[in-house]
Amino acid sequence: MEKPQITIGFAADLQVFLAAAQRREQSVVRVDGVSTLGHVVESLGVPLTEVGELLVDDRPVRPGHIPAQGERVAVRSVERPQRLPGPPRFLLDVHLGTLARRLRLLGVDAAYENLDIGDAALAARSAAERRVMLSRDRGLLRRRELWAGAYIYSHHPAEQLRDVLSRFTPALAPWTRCTACNGLLEQTAKAAVQERLEHGTERSYDAFAQCTDCGQVYWRGAHHARLDAIVEEALREYA
C-alpha cells in the first residue's frame, strides 16, 4: 500500500534546519500514516522548540495531528516575544559559556553546565528547575522531557545575546549576578574583602560587591568599560 503524501512548507527562518533539497516554498513528503505531524517536522530537521503555529489546509492543529493523504501543511516559526508561564530562567549547555556570562552580567538567571554532563541530565535539569534549555544541539532540543527550549542560531556571543533577549524579553538588572556562578551579588565594605585583594586593587578601588554563593569579589576594574558597553547596548534595546 502506497504511503500518504503531503505538501509541507516551512517559514523562511526555519529553512536553515532543512536539507538543501527541501529549502523551497513547499516540498512533497511521504509519511507513514501513523507518525504525528510533530514527528514529521522533527524528522525533517526542525526542532519543535522553534515551531509556532502548525496549519493543515489553513486550519490550526496540534503537533499530535496524524497527517493524511493530500494535506497541505504550513509550519510557522515561534512567535516573538515568546511567552512563558513565569519569568524566563535559562539553562545553557557546555558550548555557551560566553552567552551565560553575558546574561548573568545583565542580571538574568542563567544556569550553565561547564562540563558535558550529557543530554539526558540537561533535559532532566531543565524539567526539574523549569528552565529554558538554550543550545545549538538539535538532538538535545528534541528531548521530550525538556520543560522548554530554544535553538541558538549564531556562533557569535553578541548575536546570541540579542537573539535571547528579543525572543524572551527577560527583565534586566545589570550588575546583580555573579558571572562565575549565577549567584546574587551584595555590596560589601572593602574591609570585609581586603584579604582577598591584590595591593594595587586595594589601593585603587573603594566600591566592591561579593557573590552570596561562591564569594567571588567584584569591582570596577580595567575591563569595566567593555562590560559597560554590553550592558548599555542591552538596556538601550531591550530594557
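**Packing of helix 2 and the parallel sheet**

The buried residues of helix 2 pack against strand 6, strand 7 (110-112), strand 8 (132-135), helix 5 and helix 8 (224-238). These buried residues are Gly 97, Leu 99, Ala 100, Leu 103, Arg 104 and Leu 105. The model described here is predicted. Helix 2 lies across strand 6, strand 7 and strand 8, and runs at about 150° to strand 7. Gly 107, which follows helix 2, has a positive phi near 85°.

The contact of helix 2 with helix 5 can be described in detail. Helix 2 comprises residues 97-105 and helix 5 residues 157-168; the two pack at an angle of about 55°, and their axes are 9 Å apart. That angle makes helix 2 oblique to helix 5. The crossing of helix 2 past helix 5 is right-handed. On the side of helix 2, the contact involves Thr 98, Leu 99, Arg 102 and Leu 103. These residues meet Pro 157, Ala 158, Gln 160, Leu 161, Val 164 and Leu 165 in helix 5. By class, the residues of this contact divide into seven nonpolar, two polar and one charged. Leu 99 and Leu 103 take part in the contact with helix 5 and are also listed among the buried residues of helix 2.

Helix 5 in turn lies across strand 6, strand 8 and strand 9, running at about 135° to strand 9. Strand 6 and strand 8 are therefore crossed by helix 2 and also by helix 5. The sheet beneath this description is an open one of four strands, ordered 7-6-8-9, with parallel pairing. Strand 7 and strand 9 (148-151) stand at the edges with a single partner strand each, so one side of each has no neighbour in the sheet. From one strand to the next, the twist averages 25°.

Within this sheet, strand 6 and strand 8 run parallel and are joined by three bridges. In this pairing Leu 92 stands opposite Leu 134 in strand 8. Strand 8 also pairs with strand 9 in the parallel sense, over four bridges. Here Leu 134 stands opposite Ala 150, and Ser 135 stands opposite Tyr 151. Leu 134 thus has Leu 92 opposite in one pairing and Ala 150 opposite in the other. The side chains of strand 8 alternate: Val 132 and Leu 134 point one way, whereas Met 133 and Ser 135 point the other way. All four of these residues are buried.

Antiparallel pairing is found around strand 3. Strand 3 (residues 51-56) pairs with strand 5 in the antiparallel sense over four bridges, and Leu 55 stands opposite Ala 74 in strand 5. Strand 3 also pairs with strand 4 (residues 59-61), again in the antiparallel sense, over three bridges. In that pairing Leu 54 stands opposite Val 61. Strand 3 and strand 4 form a hairpin with two residues between them. Asp 57, in the turn of this hairpin, has a positive phi of about 50°.

Several further backbone features lie in loops. Most residues other than glycine have a negative phi, and most peptide bonds are trans. The peptide bond from Arg 80 to Pro 81 is cis, with omega near -5°. Pro 81 is found in the loop between strand 5 (72-77) and strand 6 (90-92). The loop between helix 5 and strand 10 (185-188) holds Thr 169, and Trp 175 is placed in the loop between helix 5 and strand 10 as well. Thr 169 is not a glycine, yet its phi is positive, near 40°. Trp 175, likewise not a glycine, has a positive phi of about 65°. Thr 169 counts as partly exposed because its relative accessibility is 39%. Trp 175, at 30% relative accessibility, also counts as partly exposed.

How values were computed:
Residues are numbered from 1 along each chain as its sequence is written. This is a predicted model: local features need pLDDT of at least 70, side-chain atom pairs count only at pLDDT 80 or more; totals for chains, interfaces and linings use all residues. Side-chain values use heavy atoms; hydrogens and water are left out. Axes are lines fitted to C-alpha atoms, for helices over the stretch in contact, and angles run from 0 to 180 degrees between N-to-C directions. Angles under 35 degrees count as roughly parallel, over 145 as roughly antiparallel, 65 to 115 as roughly perpendicular and the rest as oblique. A crossing is left-handed if the near helix is turned anticlockwise from the far one by less than a right angle, and right-handed if clockwise. Contact means heavy atoms within 4.5 Å. Ala, Val, Leu, Ile, Met, Phe, Trp, Tyr, Cys and Pro count as nonpolar, Asp, Glu, Lys and Arg as charged, and the others, Gly among them, as polar. Buried means under 20% relative accessible area, exposed over 50%, partly exposed in between (1.4 Å probe, protein chains only). Two strands pair if DSSP finds at least two bridges between them.
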